[in-house]
Amino acid sequence: MNPLVQSIRSIFQNCIAIVEAKNADYSSQANPFANFEHCERLHVPAHVGILIRVQDKIARLENLLSIGAAAPKVQDETIDDTIDDAINYLAILRAKRKTPGS
(Lines give C-alpha, C1' and ligand atoms only; values in the text may rest on other atoms or scores of the structure.)
Protein backbone atom coordinates (compact mmCIF):
# COMPACT_ATOMS: atom_id res chain seq x y z
CA MET A 1 0.00 0.00 0.00
CA ASN A 2 1.05 3.56 -0.65
CA PRO A 3 2.93 4.91 2.42
CA LEU A 4 1.17 8.28 2.14
CA VAL A 5 -2.24 6.61 2.25
CA GLN A 6 -1.11 4.50 5.23
CA SER A 7 0.09 7.59 7.06
CA ILE A 8 -3.12 9.52 6.39
CA ARG A 9 -5.22 6.53 7.47
CA SER A 10 -3.32 6.44 10.76
CA ILE A 11 -3.74 10.21 11.22
CA PHE A 12 -7.49 9.99 10.60
CA GLN A 13 -7.87 7.09 13.03
CA ASN A 14 -6.09 9.15 15.68
CA CYS A 15 -8.25 12.17 14.86
CA ILE A 16 -11.42 10.10 15.31
CA ALA A 17 -10.22 8.90 18.73
CA ILE A 18 -9.55 12.51 19.75
CA VAL A 19 -13.00 13.69 18.57
CA GLU A 20 -14.70 10.88 20.48
CA ALA A 21 -12.89 11.75 23.70
CA LYS A 22 -13.26 15.53 23.42
CA ASN A 23 -16.88 15.37 22.29
CA ALA A 24 -17.71 13.34 25.39
CA ASP A 25 -16.12 16.09 27.52
CA TYR A 26 -17.58 19.12 25.73
CA SER A 27 -20.98 17.98 24.39
CA SER A 28 -23.51 15.18 24.55
CA GLN A 29 -24.85 12.40 22.37
CA ALA A 30 -28.10 14.36 22.06
CA ASN A 31 -26.30 17.40 20.59
CA PRO A 32 -22.67 16.79 19.64
CA PHE A 33 -22.39 20.41 18.44
CA ALA A 34 -23.56 21.96 21.73
CA ASN A 35 -20.20 23.47 22.63
CA PHE A 36 -19.90 25.11 19.21
CA GLU A 37 -23.44 26.46 19.41
CA HIS A 38 -22.72 28.24 22.71
CA CYS A 39 -21.03 31.05 20.79
CA GLU A 40 -24.42 31.82 19.25
CA ARG A 41 -25.39 33.36 22.62
CA LEU A 42 -22.86 36.04 21.70
CA HIS A 43 -24.40 36.39 18.22
CA VAL A 44 -21.52 34.49 16.60
CA PRO A 45 -22.75 31.73 14.29
CA ALA A 46 -21.46 28.25 15.16
CA HIS A 47 -19.61 27.94 11.85
CA VAL A 48 -17.75 31.18 12.59
CA GLY A 49 -16.86 29.88 16.06
CA ILE A 50 -15.44 26.73 14.50
CA LEU A 51 -13.45 28.77 11.96
CA ILE A 52 -12.03 30.88 14.79
CA ARG A 53 -10.79 27.69 16.43
CA VAL A 54 -9.22 26.62 13.12
CA GLN A 55 -7.46 29.99 12.91
CA ASP A 56 -6.21 29.58 16.49
CA LYS A 57 -4.67 26.24 15.51
CA ILE A 58 -3.08 27.71 12.38
CA ALA A 59 -1.58 30.55 14.42
CA ARG A 60 -0.22 28.03 16.92
CA LEU A 61 1.23 25.94 14.09
CA GLU A 62 2.90 28.99 12.56
CA ASN A 63 4.44 29.80 15.92
CA LEU A 64 5.52 26.22 16.75
CA LEU A 65 7.03 25.69 13.31
CA SER A 66 8.90 28.99 13.46
CA ILE A 67 10.57 28.20 16.79
CA GLY A 68 11.91 24.98 15.32
CA ALA A 69 13.85 22.87 17.78
CA ALA A 70 13.21 25.22 20.69
CA ALA A 71 10.81 23.66 23.18
CA PRO A 72 7.38 25.29 23.32
CA LYS A 73 6.34 26.75 26.66
CA VAL A 74 3.12 24.73 26.59
CA GLN A 75 4.29 21.15 26.72
CA ASP A 76 0.94 19.37 26.49
CA GLU A 77 0.21 20.11 22.82
CA THR A 78 2.75 19.09 20.20
CA ILE A 79 2.85 20.15 16.56
CA ASP A 80 1.18 16.87 15.62
CA ASP A 81 -1.54 17.42 18.27
CA THR A 82 -2.20 20.88 16.85
CA ILE A 83 -2.43 19.52 13.29
CA ASP A 84 -4.85 16.81 14.44
CA ASP A 85 -7.02 19.43 16.17
CA ALA A 86 -7.09 21.56 13.00
CA ILE A 87 -8.10 18.52 10.93
CA ASN A 88 -10.85 17.77 13.44
CA TYR A 89 -12.20 21.31 13.47
CA LEU A 90 -12.48 21.27 9.67
CA ALA A 91 -14.24 17.88 9.80
CA ILE A 92 -16.57 19.24 12.51
CA LEU A 93 -17.36 22.23 10.30
CA ARG A 94 -18.19 19.91 7.42
CA ALA A 95 -20.42 17.76 9.65
CA LYS A 96 -22.11 20.82 11.16
CA ARG A 97 -22.99 22.14 7.71
CA LYS A 98 -24.86 18.88 7.02
CA THR A 99 -27.04 19.14 10.14
CA PRO A 100 -30.60 20.44 9.83
CA GLY A 101 -30.85 24.18 10.39
CA SER A 102 -27.19 24.88 9.68
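Contact, as the word is used on this tour, means heavy atoms within 4.5 Å. The structure on screen is a predicted model, in which local features need pLDDT of at least 70 and side-chain atom pairs count only at pLDDT 80 or more, while totals for chains, interfaces and linings use all residues. Residues are numbered from 1 along each chain as its sequence is written, and side-chain values use heavy atoms, with hydrogens and water left out.

**The whole chain**

Begin with the cartoon of the whole protein, which has four helices and zero strands, so that the elements read α-α-α-α from the N terminus on; helices (H or I, at least four residues) and strands (E, at least two) are DSSP runs, numbered from the N terminus. The C-alpha trace spans about 45 × 35 × 20 Å along its principal axes. Of the 102 residues, 25% are buried, where buried means under 20% relative accessible area, exposed means over 50%, and partly exposed lies in between (1.4 Å probe, protein chains only). Among contacts with a separation of 6 or more, 52% are between residues 24 or more positions apart.

**The nonpolar core**

Next, select Phe33, Phe36, Ile50, Val54, Tyr89, Ile92 and Leu93, the seven residues of the largest nonpolar core. Such a core is a set of buried Ala, Val, Leu, Ile, Met, Phe, Trp, Tyr and Cys residues joined through side-chain atoms within 4.5 Å. Helices α3 (46–67) and α4 (79–97) each supply at least two residues of the core, and the largest share, three residues, comes from α4. In soluble globular proteins, nonpolar side chains tend to be buried together. Stay on Leu93 for a moment and show its surroundings: apart from neighbours within four places in sequence, Leu93 is in contact with His47, Ile50 and Leu51.

**The salt bridges**

Now colour the charged side chains and look for the three salt bridges found in a search of the whole structure, a salt bridge being a side-chain nitrogen of Lys or Arg within 4 Å of a carboxyl oxygen of Asp or Glu. Side chains of opposite charge can pair when their charged atoms come close.

Select Asp85 and Lys22, whose closest N and O atoms are 3.1 Å apart in a salt bridge. Because Asp85 lies in helix α4 and Lys22 in helix α1, the pair ties together parts that are 63 residues apart in sequence. Asp85 is buried at a relative accessible area of 8%, whereas Lys22 is partly exposed at 35%.

Keep Asp85 selected and add Lys57, since these two side chains also meet in a salt bridge, 3.1 Å from N to O. Lys57 lies in helix α3 and Asp85 in helix α4, so this pair ties together parts that are 28 residues apart in sequence, and both residues are buried. Lys22, Lys57 and Asp85 are thus linked in a network of salt bridges.

For another bridge, move to Glu37 and Lys96, where the closest N and O atoms are 2.8 Å apart. Glu37 belongs to helix α2 (residues 34–37) and Lys96 to helix α4, so the pair ties together parts that are 59 residues apart in sequence. Glu37 is partly exposed, with a relative accessible area of 23%, while Lys96 counts as buried at 9%.

**A buried acid without a partner**

Select Asp84, which is also found in helix α4. This residue is buried yet has no salt bridge, and its nearest side chain of opposite charge, Lys22, is 9.3 Å away; in that search Lys and Arg count as positive and Asp and Glu as negative, with His and the chain ends not counted. Leaving aside neighbours within four places in sequence, Asp84 is in contact with Ile11, Asn14, Cys15 and Ile18.

**The surface**

Switch on the surface and select Leu4, Ile8, Ile11 and Phe12, which form a nonpolar patch with about 350 Å² of accessible area together. Patches are made of residues with over 30% relative accessible area and no salt bridge, like charges being joined within 9 Å and nonpolar side chains (Val, Leu, Ile, Met, Phe, Trp, Tyr) within 5 Å. Leu4 is found in helix α1 (residues 3–26) and counts as exposed at 55% relative accessibility. The protein exposes about 7,300 Å², of which carbon and sulfur atoms supply 59%; accessible areas come from the Shrake-Rupley method with a 1.4 Å probe, and for residues only the protein chains shown count as cover.

**A last stop in a loop**

Finish at His43, in the loop between α2 and α3, where phi is near 65°, a positive value in a residue other than glycine. His43 counts as exposed, at 75% relative accessibility.
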